[in-house]
Amino acid sequence: MSNTLPDLPYAYNALEPYISEQIMTLHHTKHHQTYVNALNAAEASYAKAQSPKERIALQAALKFNGGGHINHSLFWKNLAPSPDKGGSGGQLKAGALKDAIDRDFGSLDNLKKEFNAATLGIQGSGWGWVVRPHPCFHSLRPVCLSRTIPR
């Protein structure tokens with residue numbers, strides 16, 4: 001299986017002034033591409049591995065780089081240019097997500113405050129997500145992961 005860097009659904013400068021074109025280009029073409037390259041290398045090594053010991057030794061690289069690739073792919077899809085640039089970024093449309101945010105946090109601004117507080121301590125390879133932790137639970141909450149490994 002060969003993984004590829006996904007195209008962005010917007011131009012590198014589309015998120016300015018919030019995220020610069022230089023940062024977007026670097027983050028997408030260098031940082032995310034590094035995860036893709038390392039994941040492909042780990043998968044190739046795994047396919048050639050002769051023993052269970054060799055395959056077990058590759059699991060950390062597969063998880064780390066696979067997680068980095070998946071998380072970044074989701075990240076790009078969840079960014080959008082602002083309305084003045086023809087996008088819908090920064091706007092929460094009516095629907096199930098808005099209803100859940102209003103129910104569980106009171107407002108989008110409250111969600112942002114709680115999310116920022118929960119993720120303040122993440123440094124390096126960490127991610128923050130707003131999730132519904134289980135289909136049986138009917139509430140959203142911020143979750144922090146200290147590594148790129150999806151759980």
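This is a short walk through one predicted protein model, from its overall layout down to a few side-chain pairs.

Okay, so let's start with the big picture. We've got a chain of 151 residues, and 25% of them count as buried. Put a box along the principal axes and the C-alpha atoms fill roughly 55 × 40 × 30 Å. For secondary structure, there are 4 helices and 2 strands. If you read along the sequence, the order goes α-α-α-α-β-β. And if you like contact maps: take the contacts with a separation of 6 or more, and 52% of those are between residues 24 or more positions apart.

Now, the annotation. UniProt, in an unreviewed entry, puts "domain: Manganese/iron superoxide dismutase N-terminal" on residues 4–80. What does the model show over that stretch? Residues 4–80 come out as 70% helix and 0% strand. The C-alpha atoms at the two ends of that range sit 21 Å apart.

Before we get to the helices, one backbone detail to look at. The peptide bond between E16 and P17 is cis, with omega at about 10°. P17 belongs to the segment that comes before α1, and α1 itself runs 21–48.

Right, helix packing. Two packed helices get described by the angle between their axes and how far apart those axes are. So first, α1 against α2, where α2 is residues 52–77: the angle is about 150° and the axes are 8 Å apart. Anything over 145 degrees counts as roughly antiparallel, so that's what we call α1 and α2. Their crossing is left-handed.

The other pair is α3 with α4, which covers residues 108–119. Here the axes are 8 Å apart, and the angle is about 70°. That falls in the 65 to 115 window, so α3 and α4 are roughly perpendicular to each other. The crossing where α3 passes α4 is left-handed. Which residues make the contact? On the α3 side you have I101, D102 and F105, and on the α4 side L108, N110, L111 and E114.

Hang on to D102, because D102 turns up again in the charge pairs. In general, side chains with opposite charge can pair when their charged atoms come close. How many salt bridges does the structure hold? There are 2.

In one of them, D102 pairs with K98, and the closest N and O atoms are 2.8 Å apart. Both residues are in α3, which spans residues 96–105, and they're 4 residues apart, about one turn of the helix. How exposed are they? D102 has a relative accessible area of 28%, so we call it partly exposed. K98 is at 27%, and that also makes it partly exposed. So D102 is in the salt bridge with K98, and D102 is also listed in the contact with α4.

The other salt bridge is R103 with D104, again with 2.8 Å between the closest N and O atoms. R103 has a relative accessible area of 51%, and since the exposed label starts over 50%, R103 counts as exposed. D104 comes in at 24%, which makes it partly exposed.

So, to recap what to click on in the viewer: the cis bond joining E16 and P17, the α1 and α2 pair at about 150°, the α3 and α4 pair at about 70°, and D102 with K98 in α3.

Conventions: Residues are numbered from 1 along each chain as its sequence is written. This is a predicted model: local features need pLDDT of at least 70, side-chain atom pairs count only at pLDDT 80 or more; totals for chains, interfaces and linings use all residues. Side-chain values use heavy atoms; hydrogens and water are left out. A salt bridge is a side-chain nitrogen of Lys or Arg within 4 Å of a carboxyl oxygen of Asp or Glu. Buried means under 20% relative accessible area, exposed over 50%, partly exposed in between (1.4 Å probe, protein chains only). UniProt positions are given in the numbering used here, feature names are shortened, and annotations may be inferred rather than shown by experiment. Axes are lines fitted to C-alpha atoms, for helices over the stretch in contact, and angles run from 0 to 180 degrees between N-to-C directions. Angles under 35 degrees count as roughly parallel, over 145 as roughly antiparallel, 65 to 115 as roughly perpendicular and the rest as oblique. A crossing is left-handed if the near helix is turned anticlockwise from the far one by less than a right angle, and right-handed if clockwise. Contact means heavy atoms within 4.5 Å.
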